[in-house]
Amino acid sequence: MQPIKFKPILKETIWGGCKIPRIKHISGLEDKHIGESWEISELDDNESVVDGGAYDGKSLSQLIDTLKGNLVGEENYRRFGNRFPLLIKFIDARQDLSIQVHPDDETALRHGMVNGKNEMWYLLDSEPYASLRCGLKEELSADDIIKKVDDSTICDSIAQYDVKAGDCFYIPAGRVHSIGAGCLIAEIQQTSDTTYRFYDYNRRDSNGNLRQLHVRQAAECIDYTVREDYRQTYKRERNVRVPLVECKYFKTSLYDIDRTLQLDYSNLYSFVILICVKGSGTFTNEEENSVPIRECETVLIPATTTTLEVKGNLQLLETYI
């Protein structure tokens, strides 16, 4: 059982930038607006394929079907079967994305979907002007939301943040949000592609058409609770696990590593995903299987792994269930 890499699934978007191909050392895409790189995905028509090693060329669902609990953990396999529960992305926004909200599990099931969508963002090196929106900053009702969308004042009611590398936001289902121009983000989310887009700045496509909005569905899903601050607060430390987000869908921590470090997974009965957000290094498990890692790459660590040696100078997001 070795650490596993997957081929990135690159998404060209109207709002996408040019950072992802450059950071991931992918040539031939200099004139493309690559908005997203799906790093680990088991969604239909967007399924990750193993890149190298003993399972080269296998899809993620084939890998789970072959390895079962040895890959994802026995309890996770009982809960999810061959469906991988998390979706990992890098997002590069050249323009502001639409104002969105995601349904929770209960709402999703009511509308015929498998599950809702809870997610988190971790900011990588972004532009100096980068900002994003997250959470309501005043008390509103569903009718207020619909009215503010109609008169294009909805952005006045959503908290906006100037952001930089290392900023972190948890976005539970129901929290309104929007990634702003200049942001480069690592996103961890439930496996779902359901988004209710309810405001898009009245932008038109190349044919002069407005994008489809889901205002009433969004109003049904929104959590109208107002918080003072929607950022995750944490204190960065070297060579130790620093918790960022803990919810029932995933637990994510940050490692800032500048020496050889042993990660102990002997009492963890889950797969682990390690996302390199800066620097480079090498992972080696207890069976001496090694894999290199560098910025904007992601590695899946099987649940049978008990220890992992990390060498290098790098920052990692560690996430598992």
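## A cavity, a pocket and a sheet

Gly135, Leu136, Arg175, Val176, Asp223, Thr225, Arg227 and Tyr230 line the largest cavity of this structure. The model is a predicted one. The volume of this largest cavity is about 50 Å³, and the count of cavities of 30 Å³ or more comes to 1. Sorted by class, the lining of the largest cavity holds 3 nonpolar, 2 polar and 3 charged residues.

The structure also has pockets, which are open. The largest pocket has a volume of about 730 Å³. It is lined by 33 residues, and those closest to its centre are Trp15, Leu97, Gln100, Arg197 and Arg211. Two or more residues of the lining come from each of the elements E2, E3 (34–40), E6 (86–92), E8, E12 (177–179) and E13 (184–190), all of them strands. Strand E2 gives the most, with 5 residues. The lining of the largest pocket divides into 7 nonpolar, 11 polar and 15 charged residues.

The table sets out the two linings by class.

| Site | Nonpolar | Polar | Charged |
|---|---|---|---|
| Largest cavity | 3 residues | 2 residues | 3 residues |
| Largest pocket | 7 residues | 11 residues | 15 residues |

Several of the strands named above belong to a sheet. In what order do the 6 strands of the open sheet stand? The order is E2-E3-E6-E13-E8-E11, and the pairing is antiparallel. Strands E2 (9–17) and E11 (168–171) are at the edges; each has a single partner strand, so one side of each has no neighbour in the sheet. From one strand to the next, the twist averages 20 degrees.

At one end of this order, strand E8 (residues 119–123) pairs with E11 in the antiparallel sense, over 4 bridges. Within this part of the sheet, Tyr122 stands opposite Cys168 in E11.

Strand E8 spans residues 119–123, and one side-chain contact concerns Glu119. The side chains of His102 and Glu119 are joined by a polar contact of 3.5 Å. His102 itself lies in the loop between strand E7 (99–101) and helix H5 (105–110). Is His102 buried or exposed? The relative accessible area of His102 is 1%. Buried means under 20% relative accessible area, so His102 counts as buried.

Terms used
Residues are numbered from 1 along each chain as its sequence is written. This is a predicted model: local features need pLDDT of at least 70, side-chain atom pairs count only at pLDDT 80 or more; totals for chains, interfaces and linings use all residues. Side-chain values use heavy atoms; hydrogens and water are left out. Two strands pair if DSSP finds at least two bridges between them. Axes are lines fitted to C-alpha atoms, for helices over the stretch in contact, and angles run from 0 to 180 degrees between N-to-C directions. On a 1 Å grid over the protein atoms alone, a cavity is a set of points where a 1.4 Å probe fits but cannot get out, and a pocket is an open set with protein on both sides within 12 Å along at least five of seven lines; lining residues have an atom within 4 Å of a point. Grid points are joined across faces, edges and corners, and a volume is the space filled by probe spheres set on the points. Ala, Val, Leu, Ile, Met, Phe, Trp, Tyr, Cys and Pro count as nonpolar, Asp, Glu, Lys and Arg as charged, and the others, Gly among them, as polar. Buried means under 20% relative accessible area, exposed over 50%, partly exposed in between (1.4 Å probe, protein chains only). A polar contact is a pair of N or O atoms within 3.5 Å; within protein, one must be able to donate a hydrogen and the other to accept it, and residues adjacent in sequence count only if both atoms are side-chain atoms.
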